[in-house]
Structure formats: C-alpha cells, structure tokens
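Q: Can you walk me through this model? Short answers are fine.

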Amino acid sequence: MQELIKIINKLQDVFAVVDGLQMVDLPQIVVVGTQSSGKSSVLESIVGKSFLPRGTGIVTCRTPLVIQMIKYTEETRKSMLKSNNIKDTENIKEWAEFLHKPNLYYVDFDLVRKEIEDKTNSLAGTNKGISFNSIILKIHTNRYDLTFVDLPGLTKLPVGDQPENIDEQIQNLIMSYVNKATSIILALVTANTDASTSESLQIAKKMDPHGIRTIAVVTKLDLIDKGTLQDTKDLLCGHKIPVKILGIIGVVNRSQKDIVENKSMDSALSAETEFLKINYPDIYKKHGNKALVHTLQMVLITHIKKVYPRLRAELEEMKRKLEKQHLPLCKPDEEISFLVGLLKDISRSYEDTMHGNQDDVSINETIGGGSIARTFQHEYLKRINVIDPLQDLSDENIANILSNTSGIYQCTFVNEKGLQKILRRQLNYLIEPSLDCVALVRSDMLKVLNSIDVNLLDTLRRYPKLYEDVRKVFEKLLEENVNNIKEFITSYIESYQECINTANPDFISEIVKSDDTIQEQILAAVNIKKHESDYKPELVLNSTGMPIFPIPDRMAQTDRLKTVRIHMLKQLLSGLNNQDIPLESSEQIKLHKYLSQCYFEYIRKIVRDFVPKRIIHKMVNSFLKNLDKRLNEEIFQTYLKENKIGEVLIEDESIINERKDVEIKLDAVGKALKTIVDIIY
C-alpha cells in the first residue's frame, strides 16, 4: 500500500505544472506551527537529513514546501549514480531533486538548503514576504514513502522588513491548505507552553472541530521542568488536547547544540528513545519520531483510500468541464467553410434575438426586439405625449400671427392662413423626438449584436479583425437605413405642416372628443345667442324674438341688447384690428388657440402610430432582410477574392494563451486519471 503515497506524489508533480493545488484537492499532510515550535527539527528528523534553512524570524519557510520522501530501489539508485557519473564507492544513500530543476540531482544537502533559499527568494522576494506558490522537493531515501507540506510558521508581529500584515498573509496561506477536507493537519505545540493557547491547535480545532484529521505533535519534551512531567503525561495522553481519533505524539529533537556539533540523526533518535523510556516508561512506545513516521504513513494511506472515490470523481468532472471549455477554443479544420458558417450563424442568431426566438432567454435584462419595444413605449411615446400643443405660444404670439397673416385687411371668423402658420410652427415639435427615436433604435440594434448566442459571440471575439469587420457591416447597414428613415419621417410630418385640412372628419371628431371646455369655447365663438344670455341672462323673449321688459325699462333694455349684439359681431367681423378688445377676451384668439390644440392632437396620434411602424418596416425588417447578404459580400467574398481568409481569422493573443492553458490542464488531468486507476484497495 506504500504505492498509494507514490501515486499522490505523482499527482502533485502533475498538477504543479498548472498550479495544481488549486485544480484539485489532494490528500496531504500539512504542517502547522509557530516559528518557535520546532517545525524544522521535526521535519529533518523525519527525513533524516539536515536540509532546511535556519535562522531567526521567518526564515525556514516562506512558501509552501512540498516534501516528497520516495523510497528507492537499488536499481533506481544505480541508475541515478550512472546518469550523474557518481562512483558507487561514495556510499550515496540519499539524494534530492526539485521539480523546477528536472534531471538535476543533489547529493549534498547543504546545496539543497541553498536551492530552497534561492527559489524562495525568487518566489517571495528577498524582503521576508511570503508566496502561495509551492516548491516541490523530492528526497530519495532508503527509509520510507511519505509526503507532507511545510507551511510558514505562525507569527504575530512583523520583524525587520516583513510586511505589516505578515500575520494575516500567513494565516490566509495556512487556511488555504487546512480548510480542505482532504488535508491531514499536523499541528505542532511545544511542551513548555500552555496547550490551550497554542495557535496551531486553535486553527486545527476551527477547521477540524471533531479532530478526525488532526495529529498533534508535542515538541521540546526535554525542555520542561521535572516537576511538570505528570502534566506533560496528561498532555500526551490526550487529557488536555481535543484530538480524538488520530492521536497525540511527543517527540524530542536535536537541540541547537546538537546541530552546531553536527550530531547525527541516528544518534539523536537513540537519545530520544532513551529519554522517553526514562521519563515516560509506560507510554514511550507510542511516542518519538519513529512512532510519528509510522502514524503519518498509516494515516495518510488510510486517508488516501478514503478520499480516493471523491478524488477520482472530481478529476473526471474536471476533465469533462475542460473538454467542454476546450471545444470552442479549437482551431477550425477548414477556414473557408468555418467563416461562411459563422457569418450565417451570426445573422440567424441576431434575427432570433430580435424576434424573441433565442434558446436562452435572459432574466436579468431586456434585450433584442424587447429592448426596441421598450424604446417605443418608454422613450418615444412618453416623450411625444408630454409635448404641449401650445408650447412656447402665447395669446400675444397668436394675435401677432393672425394680424400679420391678415395684412391690410381685417380677418373675420377663422383666419386659415394664420391657423396654418400656427400649426406649422407647433407640429415642428413632433420632428425632433421622432428622429431621436430612430437614433435610439439604431443604438439598440447595435447592442443586440452583444446579445446573440453567447457561444457564437465568444467565437467571434476570438478573432479581433473579424469582430471589427462584422461591427462595421452592422454600423454601415444601420446608418444607411437611419438616414433614409430620418428623411422620410421628416418629410412625412412636413406634409402635415404644409397641407392643413380642417374639413377632415377625423379632425372634426377630435374636436368632438376634446375637452368640454374647449368645445364650449369654440362653439361660443359663433354663438351670439349664448353671449346675449351671458350679458343678460334674465331676458325673456316673446314669439317674435323681442325681449319682454317692464314698460318703463323696455326701451332701455332694447338698446342694451343691440349694444351686446353689435359688440359680438364686431369681434367676429372686425377681428384683431379692433384695439379696444383685450387679447384675453378675444374670441378670435380663443378660437384659433383651441382649433390649434385639437388639430395638433389629431396629427400627434397619427405620427406616434406611424413612426414606430415605419422604423420597424424600413429599418428593423430591412436590416434583417439584408444582413446575411451584406456579411457575405463585404466580409467573406472580399477576403476570399484577396485570398486573405487567414488574416481575418487571426486569434487574439489571450485566446491562444487560454487554449494553451486549457490544453495543459487537460493533459495534467488525463495523466492524473491514468495514474489514479493504479490504486488498489
């Protein structure tokens, strides 16, 4: 079952090429501890070699260091010696290699330490910052197969030129590893500190509250006071640390004095065993570095077997997603047929979007033909309906128009020339919003190009030159229609300005349907009887039409009635040339004002019904009818004649890079799946 660990090592190698720890969560042991917890000593004791950078502060580890211990065969060892021209007499039992330096073997572990430092500086800089990018170190040994990830030590305060938020950066890095259900947490806590305040245990408890994937390692057992042995024993027996399943293991590592004196690993292990026998005779067999390695191997193998089905399912799902992602990024086999088909598909998808026949209906916004309909309803009609028929037209303006169009003659009743001048002026207000509506629809239609089938749009954007040419065809075809329809709409409204037909039944109907006040004012202008009644409502007429007065007042009242009639007839027949009549009292001004209002409303209804229909007929439908033909003529035929199809299908650099990235990932996942099927229960 040791092969399980080797398979995970292979997966780590495969995914390291594509920043693989983000691609899939691999079963792995992650080492968490403070900078003073003895992490480096524990790891070196497991490996059996001194190879980690040492010093004060955040030195030993500033990037994730993936350490793969690989138990070699004698055949493998001889092959390595031969390939590196190393004589077998040199008694080489361990060597190392880095994934970022393939085929380069290190037999001197001081050089391994130097390469870790150099690569760390390359990834994280020389200012003692950290990096999320990992270093993969393979250590070939005759001991055992094991793999783990050394993470930066927890710290509280920045030292020297460390970033101010170094503690937050390290926390985020550690959390990115320990929060994965596939990770085993190796939490280091020192025996000479209070376990309840251990940061590594706090992180483990937060991310693994039931302790099902946490191993606690108690370091520095040899540094505690003799009087606290029982407390330490309680700690090792799990009475103080909530690690329920995987256990707690105490270790004694080389001291700084041992390191300076270059004490061998074997001697350190022997000293550790002796120390445990003396101080913890009844539990010593469960502790020490040998027990730790054995536990780590068993736990890792069990964990790999446990997560294997999910890991394989994730890889297979990832492969399906990558294949789907890769499909539209593939280069076309036959460029000519590809270009013809793409242009036709764009035209068809555009038409479907305009008619509401697209497969994927947007729930977030109104697009296509729906956006044009909204423009008519919420932009055009709203704007044209709020126009005041008498906008910027005062009684004095009307009076001036009527006077100026009468010339030296007095106008009577309805001044047709004056009414035409008024209406021509007021109907002009219908032109601008109508032309603006054309511009808005043009803008909407251009935006629809970005709402066509997303796969088609992505394919089109792969080729910047083609995308630019397609937009130019859209803009050109729209501009042709825009100019024509603007001219037609302007001419259409102008025809109503030039030809005023007050006898039109629809206009008469508009008067009848108009506001009661307006109707009364118009009728009042020609109803002398009403005005007589207004002047003398108490008058009673006899059968001859003469008023009946009391005898003493009859002659006086008759004179008054004549005066009223003369006054009304004078207004209607003499028009505005009578300066004695105030403008606001002029029945002629009122008459022309109200006639203008009704006629404007009559024409407004015609225009607001006509403009949207004309735009749809001569702009939208015409555009759709000619789009496919114009795309073919101005793009495909042009490049085909000039033999430049390849030029229009030059891909954007980002697409080339994206395809390479997907292909690398696909290759990695393929290799991973091929590797993972070797796992046997």
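A: Sure. One term to start: contact means heavy atoms within 4.5 Å. And keep in mind that this is a predicted model.

Q: OK, so with contacts between residues at least 6 apart in sequence, what share joins residues at least 24 apart?
A: 79% of those contacts in the protein chain.

Q: How many helices and strands are there in the protein chain?
A: There are 24 helices and eight strands.

Q: And what percentage of the residues is buried?
A: Buried residues account for 47% of the 681 in the protein chain.

Q: Let's do the sheet. What's the strand order?
A: S3-S4-S2-S5-S1-S6-S7-S8. This is an open sheet of eight strands, and the pairing is mixed.

Q: Which strands are at the edges?
A: Strand S3 (95-98) and strand S8 (248-250). Each of them pairs on one side only.

Q: What's the average twist from one strand to the next?
A: 25 degrees.

Q: How many bridges join S2 to S4?
A: Seven. S2 covers residues 65-71, S4 covers residues 135-141, and the two run parallel. As an example, Ile67 has Leu137 in S4 as its bridge partner.

Q: Which strands does helix H6 touch?
A: H6 (residues 199-207) packs on the sheet and touches S1 (28-32), S6 (183-190) and S7 (214-219). Its direction makes about 150 degrees with that of S6.

Q: Switching to cores. Which residues touch the most other members in the largest nonpolar one?
A: Tyr350, Met445, Leu466 and Ile615, out of 66 residues.

Q: Which helix gives the most to this core?
A: H22, with 20 residues. Other elements giving two or more residues include H11 (335-355), H12 (369-385) and H17 (464-498).

Q: Back to Leu466. What does it touch, leaving out residues up to four places away in sequence?
A: Leu339, Leu342, Leu343, Leu460, Ile635, Val648 and Leu649.

Q: What's in the second core?
A: That separate core has 55 residues, including Val31, Met69, Ile116 and Ile135.

Q: Now H12 and H22. At what angle do they pack?
A: About 150 degrees, with their axes 11 Å apart.

Q: So are they roughly parallel or roughly antiparallel?
A: Roughly antiparallel, because angles over 145 degrees count that way.

Q: Is the crossing left-handed or right-handed?
A: H12 passes H22 in a right-handed crossing.

Q: Which residues meet there?
A: From H12, they include Ile372, Phe376, Tyr380 and Leu381. On the H22 side, among them are Arg604, Val607, Val611, Ile615 and Val620. Ile615 is also one of the residues touching the most other members of the largest nonpolar core.

Methods: Residues are numbered from 1 along each chain as its sequence is written. This is a predicted model: local features need pLDDT of at least 70, side-chain atom pairs count only at pLDDT 80 or more; totals for chains, interfaces and linings use all residues. Side-chain values use heavy atoms; hydrogens and water are left out. Two strands pair if DSSP finds at least two bridges between them. Helices (H or I, at least four residues) and strands (E, at least two) are DSSP runs, numbered from the N terminus. Axes are lines fitted to C-alpha atoms, for helices over the stretch in contact, and angles run from 0 to 180 degrees between N-to-C directions. A nonpolar core is a set of buried Ala, Val, Leu, Ile, Met, Phe, Trp, Tyr and Cys residues joined through side-chain atoms within 4.5 Å. Buried means under 20% relative accessible area, exposed over 50%, partly exposed in between (1.4 Å probe, protein chains only). Angles under 35 degrees count as roughly parallel, over 145 as roughly antiparallel, 65 to 115 as roughly perpendicular and the rest as oblique. A crossing is left-handed if the near helix is turned anticlockwise from the far one by less than a right angle, and right-handed if clockwise.
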